[in-house]
Amino acid sequence: MATHRTGAVMAALLLAAVSGCAGGVQSEQDTVTLSFADLTSQDNTLGQAAQAMFEAIDEEYEGTIEVEYFWSGSMAGGTEILNSLSSGMVDSASIPTAYYPKDLPVASWAEGLTGLAPTANILPPFVANPAMHAAFDSEAVTTEYAEHSAIPVTVATTDSYSLVCKEPIRSLEEARGKLVRVASTLHSAEIEELGMSPVSLAHGETYEALQRGTIDCTITSISGAEDLGLYEIAKYLVPIGFSPTVLPVLFNKDKFESLPEDLQEIIRTTGRQAYFDTYAHASFDEVHELLQEGSLAPDADTEVIIPADMRDALLEFRTERAEGLAGVAPEAATDAEAVVADFAGTVDAAVPLFEEASGISAEPPEDAEAFRARYETVAERSAELDGYLAEVAP
């Protein structure tokens, strides 16, 4: 009996093979193997978004996607990861534009568009991210990435960056002369505007630099500081609205174009939506948890400080710089005025929708108490936020 079953199976397999050679359609899709690299950990908000993106792609593509992940810079460091992608060492990666101002002048310029969005920490992933997707879909940006054998498929705009410091800073006067780790020309300019001195350091060297006193503060996202363990040694958070960082997810161009066309479309639609939704929620949820019961909880030994003079000076500087952005665009950004206008228009349309859905104002918070209260208010509106995200989806 067993022999009969084996013979029947072999006959069926032979028939299927013959049908395939005769032009029949395969009943199962071949497995597609991809690799993905990130400078952050798999538990970071960016890591969560990337995993959600590939899971959504896999689900729609009938469970035939296998992804090998390289977390925490294990594939390459911050200044090498673009080369790893361009050379095909890795198929896809989340790569900060801030690390490549010379290689990616148009994308780096586009990052400055975030100055046209509200500076309150909580807002950029929700209101600037849809507009940033449009900017990174523009011909000037995609052409520039193509020169590095890369294709942007989605993008994350972080929450507004903050200072994390070893000593309290409560005014512009106290800020003067402080040494601050930065990783972008945008942040260097903002730090200098506030009378502080920028210091260039690799992402992974920040903890040791703070510990040794090589620097006084670092500019970082609130969740990024937790990811590096910075709150263990730097007990003062100053969330006054530094420019967010823009982190596109890129594919190696040859790899992407070698994929089946229906899979390419799924990556650009389903994958993009999953990344956008997950990152927006995760970036909020992590900060909310830190403020409730984590390193930034009221009973923790970390203090939140919002010096009004620093916040107002930074807001004025960012606004003035953003208003003149089209005039300082790289020569390759031939559609600069249109990109700026489209970005501003998308943000202006999104802000009132977000205010209605979230129950908070887009204006920066006045003090630490108001800063905490906003996260509590938004946390109670999960269903409304889901509706908002669906409405403004890139």
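Q: On a 1 Å grid over the protein atoms alone, a cavity is a set of points where a 1.4 Å probe fits but cannot get out, and its lining residues have an atom within 4 Å of a point; how many cavities of 30 Å³ or more does this rule give?
A: The count comes to 5 cavities of 30 Å³ or more, and the largest has a volume of about 410 Å³, a volume being the space filled by probe spheres set on the points, which are joined across faces, edges and corners. The model is predicted, with pLDDT of at least 70 needed for local features and 80 or more for side-chain atom pairs, while totals for chains, interfaces and linings use all residues. Residues are numbered from 1 along each chain, and side-chain values use heavy atoms, without hydrogens or water.

Q: Which residues line the largest cavity?
A: Its lining has 31 residues, with Thr40, Tyr161, His203, Thr245 and Leu247 nearest the centre. Two or more residues each come from α2 (45–60), β8 (217–220) and α11 (222–227), helices (H or I, at least four residues) and strands (E, at least two) being DSSP runs numbered from the N terminus.

Q: What makes the largest pocket a pocket, and what lines it?
A: A pocket is an open set of points with protein on both sides within 12 Å along at least five of seven lines. The largest has a volume of about 410 Å³, and of its 23 lining residues Thr79, Tyr99, Leu201, Ala202 and His203 are the closest to its centre. Strand β7 gives the largest share of that lining, 3 residues, and β6 (179–182) also supplies at least two.

Q: Why is the pair of arginine 272 and aspartate 137 called a salt bridge?
A: The closest N and O atoms of arginine 272 and aspartate 137 are 3.0 Å apart, so the pair meets the rule of a Lys or Arg side-chain nitrogen within 4 Å of an Asp or Glu carboxyl oxygen. Arginine 272 lies in helix α13 (residues 261–293) and aspartate 137 in the loop between α6 (129–136) and α7 (139–146), 135 residues apart. The structure holds 9 salt bridges.
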